[in-house]
Amino acid sequence: MEQTRSLTRTIARILPAALFGTVAAATLHNAALAHGAAAVIHQLLSATLWVMFAVLVLIRPTPIRRGRNPVGVVAALGAQGAFVVLGAIARDSSSGSPVLIGNALLVVGLSFSIVSVLFLGRCFGVLPDVRGLVMRGPYRYVRHPLYLGELASVLGIAIGSTRWMPAVAVWALCIGLQLVRTRYEEDGLRAEFPEYGPYADRTKRLIPGVV
């Protein structure tokens, strides 16, 4: 039984990491074929995001409390799958203003994601599990700054691609799934940490002062 559980945990890490790694490799290949500095930068920034996803999935620790609600689990897995689909759709860079806007969003989103990860540490997870409570840095203002950075980065990938319309549609789906996911994550945090309630009352979920 324990061997089966160990194998399941290993697959749960390797499979999504491999998917994100595959998208990263394809993006790097596109960078070698891209024309123009802006397009090359767009592909390299995109690859950085996919590599970050792969690394975070691999290093996530065992949770304190597992989120078993099927809706939360499906939303979390669906969000990861939607990110992979968007990466496949938006594999080719556009040109002109769209790719410049996309690059700007990628830089801002990646920077915010990296800062969030530095404060989050190994509390990152894929499923709506409880791995710890962080209220420092950007977490003082929003409860899920890493998701905000990821969504901004992925929007940059979508806008800067040649197939931006379907990519933006998938990005909108990502937002919906992430909002559902955060609800179930927060339910677990409230149950585990008494201080989470007052913290949630004085912060926003994703965007400071908005939502």
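In helix α5 of this predicted model, the buried residues are Pro145, Leu146, Tyr147, Gly149, Glu150, Leu151, Ser153, Val154, Leu155, Gly156, Ile157 and Ala158. That's 12 of the 15 residues in α5, so "mostly covered" is a fair way to put it. What do those buried residues lean on? They pack against α2 (37-59), α3 (70-89), α4 (97-120) and α6 (164-192).

On the confidence side, α5 has the highest mean pLDDT among the elements of the protein chain, at 94, while helix α1 (residues 2-33) has the lowest, at 79. Across the protein chain the mean pLDDT is 88, with 94% of residues at 70 or more. As a rule, where pLDDT is low, the predicted coordinates shouldn't be read in detail.

Take the α5 and α6 pair next. Their axes come within 9 Å and cross at roughly 170°. An angle over 145 degrees counts as roughly antiparallel, which means α5 is roughly antiparallel to α6. From α5, the contact involves Tyr147, Glu150, Leu151, Val154, Leu155, Ala158 and Ile159; across from them, α6 supplies Trp164, Ala167, Val168, Trp171, Cys174, Ile175, Gln178, Arg181, Thr182 and Glu185. By residue class, this contact splits into 12 nonpolar, two polar and three charged.

Now for a quick geometry check on two helices, at 1.5 Å a residue.

| Helix | Residues in helix | Expected span | C-alpha end-to-end distance |
|---|---|---|---|
| α5 | 15 residues | 21 Å | 21 Å |
| α4 | 24 residues | 34 Å | 34 Å |

For α5, the expected span and the distance between the end C-alpha atoms agree, and α4 passes the check as well.

Sticking with α4, its buried residues are Val99, Gly102, Asn103, Leu106, Gly109, Leu110, Ser113, Ser116, Val117 and Leu120. These pack against α2 and α5. Right after α4 comes Gly121, whose phi is positive, near 65°.

Back in α6, there's Leu179 to look at. Is Leu179 buried, partly exposed or exposed? With a relative accessible area of 29%, Leu179 is partly exposed, because that value falls between the 20% and 50% cut-offs. Leaving out residues up to four places away in sequence, Leu179 touches Arg205 and Leu206. Leu28 is another story: Leu179 and Leu28 are 151 residues apart along the chain, and their C-alpha atoms are separated by 30 Å.

Conventions:
Residues numbered from 1 in each chain as written. Predicted model: local features only at pLDDT ≥ 70, side-chain atom pairs only at ≥ 80, totals over all residues. Heavy atoms only, no water. Helix = DSSP H or I, 4+ residues; strand = E, 2+ residues; numbered from the N terminus. Expected span 1.5 Å × (residues − 1). Buried < 20%, exposed > 50% of the residue type's maximum accessible area, 1.4 Å probe, protein only. Contact = heavy atoms within 4.5 Å. Axes fitted to C-alpha atoms, helices over the stretch in contact; angles between N-to-C directions. Parallel < 35°, antiparallel > 145°, perpendicular 65-115°, else oblique. Nonpolar A, V, L, I, M, F, W, Y, C, P; charged D, E, K, R; others polar. pLDDT = per-residue confidence, 0-100.
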